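Let's walk through this one together, a question at a time. Have the sequence and the structure open as you read.

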Amino acid sequence: MIERVKDMWEDRGGGYYALCAVLTFLFLEGEALVDDVLAADGIGDLIQGGIVEWLISFGLDTIMNTLLAAIWPVEWIDRMGVLPAALVAGALFGAWWAGSRVWTARTDIPGSPKS
């Protein structure tokens with residue numbers, strides 16, 4: 001399973017920019033879902049309001065969130081400001097760099113499926 005995810009990630013570019021885009025997308029989707037649930041008075045309100053209507057609305061939010069995730073530096077600066085966005089980006093770069101070194105070392109072990 002891990003090898004399959006690794007191959008898929010690497011086939012699609014799988015770098016630092018992609019990591020930030022994926023994390024931004026997941027954050028925006030979570031935020032949209034929480035906002036929708038908190039805006040409803042309960043499950044009955046969601047059902048009465050129409051699940052199809054909610055799905056369409058959430059689908060449109062997903063398209064918008066995909067576009068915002070693709071331009072994550074702009075989205076981060078808009079939400080956080082320049083310095084906090086730069087600090088978060090730097091911290092994520094450090095995590096990505098360290099993780100990529102561990103990932104590479106793990107998959108370069110003699111006898112592993114990729115070696």
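Q: Which residues does A89 touch, not counting residues up to four places away in sequence?
A: This is a predicted model, where local features need pLDDT of at least 70, side-chain atom pairs count only at pLDDT 80 or more, and totals for chains, interfaces and linings use all residues. Residues are numbered from 1 along each chain as its sequence is written, and side-chain values use heavy atoms, leaving out hydrogens and water. With contact meaning heavy atoms within 4.5 Å, the residues that A89 touches are Y16, W72 and W76.

Q: Which element gives the largest share of the largest nonpolar core?
A: A nonpolar core is a set of buried (under 20% relative accessible area, 1.4 Å probe, protein chains only) Ala, Val, Leu, Ile, Met, Phe, Trp, Tyr and Cys residues joined through side-chain atoms within 4.5 Å. Here the largest one has 7 residues: Y16, C20, A21, W72, W76, A85 and A89. Two or more residues come from each of helix 2 (16-39), helix 5 (72-80) and helix 6 (82-107), helices being DSSP runs (H or I, at least four residues) numbered from the N terminus. The largest share, 3 residues, comes from helix 2.

Q: Why do the buried residues of helix 5 line one face of the helix?
A: The buried residues in helix 5 are W72, E75 and W76. On the other side, V74 and D78 are exposed, that is, over 50% relative accessible area. Taking directions from the helix axis to the C-beta atoms, the buried residues line one face because they fall within an arc of 100 degrees.

Q: What phi does G81 take?
A: G81 comes just after helix 5. Its phi is positive, at about 100 degrees.
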